[in-house]
Structure formats: structure tokens, C-alpha cells
Amino acid sequence: MKSENTIVKFAIFILFFTMVALILVSGTYARYVSTSYGSDTATVAKWVFNVTDKNGNKVNVAGTTAKELEFDIFSTLSGDTSDSIKKVDGSLIAPGTTGSFTVALENASEVKAEFKTKYEVTNASNVPLEYSLDKQSWSSSIADICDSDFTEIGIGATANTKTIYWRWAFTDDTDANRDSSDTALAVNTTLPTVTVKATIDVQQVDQ
């Protein structure tokens, strides 16, 4: 009988010990455990600004160095020019010729941009050309009508520079001196030339 009681007590002790061990183990290891990771990647927004050259090609000028392009400026002859001058491709100008020009732009960047245009004239023989923005007020200096402020152009948008009008005005019959000087330009052994250079500054808009 004593042996049976001993066995029962031992069994109860084992059961009690097992329950305590389970409680301790579950209290130590039974819990929710999670680990999270996150990341983000950004790509530099592209900077592409196209200017249309004299051949109608879009040229990306948004490089780290300046690019020189050729524009058709004097090929925009208008009025009676087609009847009064041999070539109307812009290679010839004469008293009475007139025209206008713009430069086509495209902001193909992924940021807003702004542009400003400056024109410079090389005219060593002082061919009496005049320039205007409205055909009302004319100036012999194209610098007088250059952009002083930047113009904004949106992402993916196109725009034109301001229209510049030019002319070699006819003189009236009383201006003999002007007639003489105009004629002298056309009878030189080396005929004078006029070159207009357009410089387009482009920059990202300051947000």
C-alpha cells in the first residue's frame, strides 16, 4: 500500500513539474514576432530642351556646353519681295525687304523650365536694318528688343520665342544721302553681309 502511495505521489509530482515547465516555456517563447523592412528609390529627373534648327530638326541643347545652331532668319521675306529680288531663300536682302522670325522650343524635361532669348547682330558695313516687336516701333539695335526676363514653359510643353520683325526700309525721294549710301553697299566688290546670332538661355524653374 505504501508503495502504491509512493507511486501516486511521484506521478503527481511529475505532473506538477511538467505543468510548471510548460507554463515557464510558454511564457518565455509564445509571443508575436514581426520584422518589417522598407526602401525607396528615386531617379534623377531628365533635363532635355529642344530647339528647332534651320532644317526643322529638334536639337537638344540641354547639355553642359553651349551648342551653336543655324536659324533661318532672313528666309522669312514677305510683302512684294518675291517679285522684287532674285532669291527669296534669305541669302539676299535689299531696300524694301522685310520679314519676321521666331525660334521653336520644346521642354522635353521632367521639370518646369524657363527660357530667355538674346540676339546679336554682326553688321560691319552698317546695312540699315531695323528690328521691332510690333511693327510700330523700330530700332536699329536688336539688343533693344531682347528678352529681359525669363518666360516659363511647362513640362512637355512647346513654345516659340517672341516674334522679331526686321526690315530694310525704303527711303523717300527726298533722302538723297540715304539712297546714295544704300546704293554704295550694293556696288562694293565684296558685298556686305549681316549675321544675326540667337542665344537661348534655359534653366530649371526655381520651385
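Visitor: How many cavities of 30 Å³ or more does the structure hold?

Guide: Rolling a probe the size of a water molecule over the atoms shows where empty space is left. On a 1 Å grid over the protein atoms alone, a cavity is a set of points where a 1.4 Å probe fits but cannot get out. The structure holds one such cavity of 30 Å³ or more, with about 30 Å³ of space in it; the volume is the space filled by probe spheres set on the points, which are joined across faces, edges and corners. A word on the source: this is a predicted model, where local features need pLDDT of at least 70, side-chain atom pairs count only at pLDDT 80 or more, and totals for chains, interfaces and linings use all residues. Residues are numbered from 1 along each chain as its sequence is written, and side-chain values use heavy atoms, with hydrogens and water left out.

Visitor: Which residues line the largest cavity?

Guide: Lining residues have an atom within 4 Å of a point. Here they are Thr117, Tyr119, Leu133, Ile145, Cys146, Asp147, Lys162 and Ile164. The lining divides into five nonpolar, one polar and two charged residues.

Visitor: Which residues of the largest nonpolar core touch the most other members?

Guide: Such a core is a set of buried Ala, Val, Leu, Ile, Met, Phe, Trp, Tyr and Cys residues joined through side-chain atoms within 4.5 Å. Buried means under 20% relative accessible area, exposed over 50%, and partly exposed in between, with a 1.4 Å probe and protein chains only. Among its 28 residues, Phe49, Val51, Tyr119, Leu129, Tyr131 and Ile142 touch the most other members.

Visitor: In what order do the strands of the open sheet come?

Guide: Strands are DSSP runs of E, at least two residues, numbered from the N terminus, and two of them pair if DSSP finds at least two bridges between them. Four strands form this open sheet in the order E2-E1-E4-E8, with antiparallel pairing. At the edges are E2 (58-60) and E8 (158-160), each pairing on one side only. Three bridges join E1 (residues 49-52) to E4 (residues 104-107), and Phe49 has Asn107 in E4 as its bridge partner.

Visitor: Which sign does the phi of Asn126 have?

Guide: Most residues other than glycine have a negative phi. Asn126 has a positive phi of about 60° although it is not a glycine. Asn126 lies in the loop between E5 and strand E6 (130-132), and counts as exposed at 60% relative accessibility. Lys135 also has a positive phi, of about 65°, and lies in the loop between E6 and strand E7 (151-153).

How values were computed. 1 Å grid on protein atoms, 1.4 Å probe; cavity = no way out; pocket = protein on both sides within 12 Å on 5 of 7 lines; lining within 4 Å. Nonpolar A, V, L, I, M, F, W, Y, C, P; charged D, E, K, R; others polar.
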